[in-house]
Amino acid sequence: MSELVKVVDSLENKISKLLHKLEVLHQSNTKLQEELSGLKEDKDKVLDSVSMWEEKYNSLKLANSMLGSNTNKTEAKLKINTLIRELDYCIAQLSE
């Protein structure tokens, strides 16, 4: 009978330890999920910032080409032609 009590006590002890480990893992998981969420927000902010700076860079490139830079004149002409085509399309849509 005393062996049975020892086995039961041992099982209770192991279950208690497992439950404690489970709780610690749940807390760790929650903390990691919060950290992941914060990192995703940071990543989105960085991507938005990169996109904004790319737009500014392209605008500056276009402005430089319009100011007479020889290297980007053809690019500026193509961009202007694209804008004119888009305007023509919009005017045609409005006139229908």
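This is a short talk about the shape and surface of one protein model.

Hi everyone, and thanks for coming. Before anything else, please keep in mind that what you see is a predicted model.

Let's start with the overall picture. The protein has two helices and zero strands. Helix α1 covers residues 2–66. How far does the whole C-alpha trace reach? Along its principal axes, the trace spans about 100 × 40 × 15 Å. You can put that next to another number, the radius of gyration. For a compact globule of 96 residues we would expect a value near 12 Å, but this protein has 33 Å.

Now, how much of the protein is buried? Of its 96 residues, 3% count as buried. The accessible surface adds up to about 8,900 Å², and carbon and sulfur atoms account for 61% of that area.

Next, let's walk along helix α1 and stop at a few residues. V7 sits in this helix. Is V7 buried, partly exposed or exposed? V7 counts as partly exposed because its relative accessible area is 47%, and the partly exposed class runs between 20% and 50%. V7 also has company: together with L11, I15, L19 and L22, V7 forms a nonpolar patch on the surface. The accessible area of those five side by side in the list comes to about 470 Å² together.

Further on we meet S51, which also lies in helix α1. With a relative accessibility of 33%, S51 is partly exposed. Here is a nice pair of numbers to try on the structure: S51 and D9 are separated by 42 residues in sequence, and their C-alpha atoms are 62 Å apart in space.

Our next stop is W53. Which residue lies over the face of W53? That is K56, at 4.7 Å from the ring centre. As for rings paired with other rings, a search of the whole structure finds zero aromatic pairs.

The last stop in helix α1 is N64. N64 is partly exposed, at 42% relative accessible area. How many residues apart in sequence are N64 and A76? The answer is twelve, and from C-alpha to C-alpha they are 9.0 Å apart in space. Do try finding both of them in the structure above.

So, to recap: we have a protein with two helices and zero strands, a radius of gyration of 33 Å, and a nonpolar surface patch that includes V7 and L11. Thanks for listening, and I'm happy to take questions!

Notes: Residues are numbered from 1 along each chain as its sequence is written. This is a predicted model: local features need pLDDT of at least 70, side-chain atom pairs count only at pLDDT 80 or more; totals for chains, interfaces and linings use all residues. Side-chain values use heavy atoms; hydrogens and water are left out. Patches are made of residues with over 30% relative accessible area and no salt bridge: like charges are joined within 9 Å, nonpolar side chains (Val, Leu, Ile, Met, Phe, Trp, Tyr) within 5 Å. Accessible areas come from the Shrake-Rupley method with a 1.4 Å probe; for residues, only the protein chains shown count as cover. A salt bridge is a side-chain nitrogen of Lys or Arg within 4 Å of a carboxyl oxygen of Asp or Glu. Helices (H or I, at least four residues) and strands (E, at least two) are DSSP runs, numbered from the N terminus. Buried means under 20% relative accessible area, exposed over 50%, partly exposed in between (1.4 Å probe, protein chains only). Rings of Phe, Tyr and Trp (its six-membered ring) pair if their centres lie within 6.5 Å; planes under 30 degrees apart count as stacked, over 60 as edge-to-face and the rest as tilted. A charge sits over a ring if NZ of Lys or CZ of Arg is within 6 Å of the ring centre and within 35 degrees of the ring normal. The radius of gyration is taken over C-alpha atoms; the globule rule is 2.2 Å times the number of residues to the power 0.38.
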